[in-house]
Amino acid sequence: AMTDLKKLVAYSSISHMGFVLLGVASFTAEGWQGAIFQLISHGVLSSLLFLLVGVIYDRTHDRSIQNYSGLAQIMPTYTFITGLAFFASLGLPGFSGFIGEFFSLMGAFNAIKASEGWAIFGGLGIILGAGYFLWTFQKMFLGKQYLKNSEWLLSDLTRKEKLSLYFLGISSLLLGIFPSIIFNLTDNWVSHLINQLF
């Protein structure tokens, strides 16, 4: 139901924090690893998404989703990066979002003191996230070209914008392909803490 792009990104950010809470509440090594990974992934992906909102707002001073359509024809590079960010945020395998969500859910399913219903409930959050991200992408970037204000002059990404956005996108991809970058740093600490608690 959200029509403001910035608010949509903000609420999706809160949704990602739900996976962190789910991982921590599982009191399992997998869940805690997933929660830590999700925090780092969230930092990368939220920065990427909010920068993308800033790009369109900088050009039009309008964040309303329904005021845009067919942006892929005007801003192909911006469309590509936005698609990458949306798919990474909804947990597509190969991106950092998938690793954090997967380990948090795995920890919740293996939790001794928590119900498996929480993990199933978290899985429904992934489906909802896919729904609103795909709906937003379809509405803004695909279909017939439409801009609410005919005076808007939309240009594709500048060199500085490309540098910032590509760096964050590649970071998410690297963390998704090589999650051991984070897991190797946190494994001993998480194992030690779990052993002390149980």
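Colleague: Which helix contributes the largest share of the nonpolar patch?

Modeller: In this predicted model, a nonpolar surface patch of about 740 Å² is built from Phe 80, Tyr 166, Ile 170, Leu 173, Leu 174, Ile 177, Phe 178 and Ile 181. Helix H7 spans residues 159-177, and the largest share of the patch, five residues, comes from H7.

Colleague: Is Phe 80, a member of that patch, buried, partly exposed or exposed?

Modeller: Phe 80 belongs to helix H4, which covers residues 76-89. Its relative accessibility is 49%, and because exposed requires over 50% whereas buried requires under 20%, Phe 80 counts as partly exposed.

Colleague: How many residues apart in sequence are the parts tied together by Asp 4 and Arg 63?

Modeller: Asp 4 and Arg 63 form a salt bridge whose closest N and O atoms are 3.1 Å apart. Asp 4 sits in the segment before helix H1 (5-25), while Arg 63 sits in the loop between helix H2 (29-60) and strand S1 (68-69), so the parts that the pair ties together are separated in sequence by 59 residues.

Colleague: What is the relative accessible area of Asp 4?

Modeller: Its partner Arg 63 counts as partly exposed, at 25% relative accessibility. Asp 4, by contrast, is buried, and its relative accessible area is 16%.

Colleague: Which residue forms a salt bridge with Arg 59?

Modeller: A search of the whole structure finds two salt bridges, one of them involving Arg 59, with the closest N and O atoms 2.9 Å apart. This pair links distant parts of the chain, helix H2 and helix H7, 102 residues apart. Both residues are buried, and the partner of Arg 59 is Glu 161.

How values were computed. Residues are numbered from 1 along each chain as its sequence is written. This is a predicted model: local features need pLDDT of at least 70, side-chain atom pairs count only at pLDDT 80 or more; totals for chains, interfaces and linings use all residues. Side-chain values use heavy atoms; hydrogens and water are left out. A salt bridge is a side-chain nitrogen of Lys or Arg within 4 Å of a carboxyl oxygen of Asp or Glu. Helices (H or I, at least four residues) and strands (E, at least two) are DSSP runs, numbered from the N terminus. Buried means under 20% relative accessible area, exposed over 50%, partly exposed in between (1.4 Å probe, protein chains only). Patches are made of residues with over 30% relative accessible area and no salt bridge: like charges are joined within 9 Å, nonpolar side chains (Val, Leu, Ile, Met, Phe, Trp, Tyr) within 5 Å. Accessible areas come from the Shrake-Rupley method with a 1.4 Å probe; for residues, only the protein chains shown count as cover.
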